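Hi,

Here is the structure I promised to pass on. Have a look at it first, then read my notes underneath.

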Amino acid sequence: MKLYENGVYLVNGNELIEDSNTASEALFSKTGKHITKEEAAKNTIAYGILKEHNTSGSMDRLQIKFDKLTSHDITFVGIIQTARASGLEKFPIPYVLTNCHNSLCAVGGTINEDDHMYGLTCAKKYGGMYVPPHQAVIHQFAREMLAGGGRMILGSDSHTRYGALGTMAMGEGGPELVKQLLSQTYDINMPGIVGVYLTGAPVKGVGPQDIALAIIGEVFANGYVKNKVMEFVGPGVSNLSVDYRIGVDVMTTETTCLSSIWRTDDEVKEFYEIHGRREDYKELNPGETAYYDGMIEIDLSAIRPMIAMPFHPSNTYTIDELNANLMDILDDCEKRAQVSFDGAVELDLKSKVRNGRLYVDQGIIAGCAGGGFENICDAADILKGSSIGPDEFTLSVYPASMPIYMELVKNGAAAALMQTGAVLKTAFCGPCFGAGDTPANNAFSIRHSTRNFPNREGSKVQNGQVASVALMDARSIAATAANKGYLTAATDMDTEYTKPKYFFDSKIYENRVFDSKGVADPSVEIQFGPNIKDWPKMSPLPKHMILKVTAEIHDPVTTTDELIPSGETSSYRSNPLGLAEFTLSRKDPAYVGRAKEIQKAQKAIEADACPAEAVPELKPIMDVIKAHYDDISRKTVGVGSTIFAVKPGDGSAREQAASCQKVLGGWANIANEYATKRYRSNLINWGMLPLLIEEGELPFANGDYIFLPDIKKEIEDKAAEIKAFAVKEGELKEFKLTMGELTDDERNIILKGCLINYNRQ
């Protein structure tokens with residue numbers, strides 16, 4: 001795999017010319033034409049799709065309107081509640097509500113099914129689609145029923161990626177979908193476009209997860225594709241089945257790219273024909289000469305079975321490399337665990353080594369990444385006639401949709417798997433976010449799913465529990481299962497892959513999915529449940545701001561799972577204050593108490609009472625500030641909390657990572673950088689300041705107070721720097737903060753206090 005240091009021209013789809021002083025001459029010799037870099041940049045597939053969906057009139061500053069929206073049952077209640085509070089009358093574009101996350105309706109009593117009924121009645125009232133639990137995971141339904149060549153889809157799940165089907169899709173926090181529901185736009189600067197040039201073909205036994213993990217391992221840490229669009233081109237694309245391309249594509253989220261798009265061909269055309277949507281196919285290819293801001297060149301034949309060890313998809317090795325350096329790599333993982341868990345529990349992976357081989361406790365093939373038809377058929381071929389054994393090792397397989405499940409039953413793959421001792425389950429995202437198949441304490445799980453962050457397997461460090469997940473391809477998971485839990489690469493198995501043809505039966509959806517056909521019925525009464533709550537009132541940005549630092553995180557990257565846990569806590573997603581009780585519970589259990597204590601001061605201000613009486617420790621802080629600023633009073637000051645994290649926001653698009661801080665009185669985050677665009681957008685949409693501070697020793701610590709004078713005016717004036725003071729030792733100690741570029745709408749959202757207030761006013 002090669003990452004180019006400069007931009008690259010792609011000529012005729014099959015030749016790369018790196019940008020240099022002689023590039024123009026080389027281009028002319030190949031094409032007989034003179035073309036500028038600016039003209040060639042317009043010949044990417046991504047540029048064309050973005051142009052067709054841009055409403056701003058400027059390709060530098062985009063204002064995108066999407067063709068369709070999709071959400072699942074962790075996010076759609078909050079999204080629709082926010083839109084309702086802002087005046088929603090009808091879904092203006094197709095909006096699909098799937099139910100694949102909170103599917104375990106015994107968890108939390110009635111609250112999950114209450115969310116489902118809320119979704120069904122909203123789909124009827126506002127003119128949407130509703131996919132009941134266990135029918136399909138969000139992204140498989142979108143592939144089967146929503147995607148189309150040249151279209152754009154916005155989803156409230158970070159793995160919203162349908163580029164392999166010619167659809168540019170993006171995963172964002174719920175407020176960005178709210179904007180689309182209110183006929184507003186998705187505003188970004190024109191992103192960079194990075195080509196992924198594929199040659200060759202995968203060797204037997206190598207699957208899409210192997211390709212994906214190899215890419216993630218190369219580009220995550222260096223930010224090569226961060227907030228950019230990955231465009232898959234080159235002759236190697238045609239050597240991959242569509243299912244294979246989809247399996248690579250969905251994992252591009254873990255590179256921190258913005259979106260993805262692939263060139264399309266007859267294989268993609270056949271996919272649409274199989275699904276009864278021939279008219280949705282569109283041939284997509286870059287122009288004769290296309291310019292990319294970067295290029296990843298991959299020889300598919302050189303990729304070998306991969307494993308991403310705990311606790312990140314970028315912690316990658318080949319399985320052969322792991323087996324050759326087993327104890328050293330396991331020791332490294334244990335040290336990572338000490339950092340991730342702050343020494344609270346001890347992960348012991350080296351005890352998993354038996355007779356020099358790594359024994360794993362659990363295998364799972366599931367969800368939008370692993371639950372595809374081809375993955376499961378290949379796994380069945382590997383396992384046919386084998387036994388997974390009667391010991392600790394278990395294997396669970398989750399087809400990504402009921403149509404896939406039914407075809408596996410018809411062609412015998414389901415029976416072949418079940419005969420081995422494997423268990424087939426219905427479409428459910430739980431194994432990917434800690435709400436299903438939680439293994440035993442200190443167990444090691446291998447999964448063809450999307451993430452292996454800490455606690456994504458469902459254990460609870462705060463309760464003394466620990467387990468861990470490694471990501472692998474379905475084929476190598478099946479090979480490991482055939483060897484009764486001993487880690488094995490699929491390339492070590494002599495398997496004859498049958499590659500059965502897929503037949504899609506739409507009757508399942510016709511018989512079960514509610515489709516309003518875009519027709520709203522205002523007479524429908526929305527069905528609520530006792531856990532579905534409105535958002536609390538949020539105040540506009542005050543003239544001056546006093547912030548208490550209520551958490552300080554120095555991990556290199558902080559995931560959204562560490563900001564707000566996934567797993568069974570997702571049952572409270574429809575209750576802003578209820579869910580907020582879990583904020584930072586895996587990283588800093590004392591955070592909620594600290595944030596709620598200082599929030600008393602802001603509540604006092606809103607009641608026209610003295611904040612220092614509500615929080616007595618504020619009095620000396622305000623006295624210091626008043627000595628320098630004579631207009632400090634409850635009329636001019638706001639009081640709230642902030643957290644510091646080095647690089648927060650990797651992972652899920654869930655806006656609750658920000659909104660939970662907000663409802664606890666959070667007014668800001670301070671970071672060296674933000675891991676993803678979507679987390680920064682979530683902060684802004686909830687009226688929180690996305691502050692930046694240069695790397696180095698911090699001028700404040702957990703428990704300290706920070707004063708931001710005239711913050712409202714600085715936002716209004718588009719100040720490049722934000723003046724800040726640490727209030728320490730009876731003095732104001734000045735330091736510098738920045739906030740990065742903001743659109744006018746983003747500034748107004750912050751000034752109003754949140755997107756809900758912005759739309760109301």
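A quick term before anything else: a residue is buried when its relative accessible area is under 20%, exposed when over 50%, and partly exposed in between (1.4 Å probe, protein chains only). You'll also meet labels like H8: helices (H or I, at least four residues) and strands (E, at least two) are DSSP runs, numbered from the N terminus.

This is a predicted model, so local features need pLDDT of at least 70 and side-chain atom pairs count only at pLDDT 80 or more, while totals for chains, interfaces and linings use all residues. Residues are numbered from 1 along each chain as its sequence is written, and side-chain values use heavy atoms, with hydrogens and water left out.

Let's start with helix H8, residues 208-219. It is mostly covered, with 10 of its 12 residues buried; among them are Pro-208, Asp-210, Ile-215 and Val-219. From first C-alpha to last, H8 reaches 17 Å, close to the 16 Å expected at 1.5 Å a residue (the expected span is 1.5 Å times one less than the number of residues).

Next, the cores. A nonpolar core is a set of buried Ala, Val, Leu, Ile, Met, Phe, Trp, Tyr and Cys residues joined through side-chain atoms within 4.5 Å. The largest one has 180 residues, and Tyr-95 and Met-309 have the most contacts inside it. A second, separate core has 28 residues, including Leu-563 and Cys-754.

What does Tyr-95 touch, leaving aside its neighbours within four places in sequence? Its contacts (heavy atoms within 4.5 Å) include Leu-69, Phe-76, Ile-80, Met-129 and Leu-181.

Now the sheets. Two strands pair if DSSP finds at least two bridges between them. One open sheet has six strands in the order S9-S8-S5-S6-S7-S25, with mixed pairing. Strand S9 (168-171) and strand S25 (514-515) stand at the edges with a single partner strand each, so one side of each has no neighbour in the sheet. Inside that order, S6 (residues 95-98) and S7 (residues 129-131) pair in the parallel sense over three bridges, and Leu-97 has Tyr-130 in S7 as its bridge partner. Helix H4 (residues 76-85) packs on this sheet, touching S5 (68-71) and S6, and its direction makes about 140° with that of S6. (Axes are lines fitted to C-alpha atoms, for helices over the stretch in contact, and angles run from 0 to 180 degrees between N-to-C directions.) Helix H5 (residues 111-126) lies across S6, S7 and S25, at about 155° to S7.

There is also an open sheet of three strands, S3-S2-S14, with antiparallel pairing. Its twist averages 25° from one strand to the next. Four bridges join S2 (residues 8-11) to S3, with Leu-10 opposite Leu-16 in S3. Helix H1 (residues 23-31) packs on this sheet and touches S2, S3 and S14.

Two last spots to click on. Helix H28 (residues 744-752) has five names to find: Glu-746, Arg-747, Ile-749, Ile-750 and Leu-751 are its buried residues. They pack against several elements, including helix H7 (174-181) and strand S31 (689-692). After H28 comes Gly-753, with a positive phi near 110°.

Then there's Ala-658, in helix H25 (residues 656-663). Why does Ala-658 count as buried? Because its relative accessibility is 0%. Ala-658 and Ile-564 are 94 residues apart in sequence, yet 8.5 Å apart in space, C-alpha to C-alpha.

Cheers
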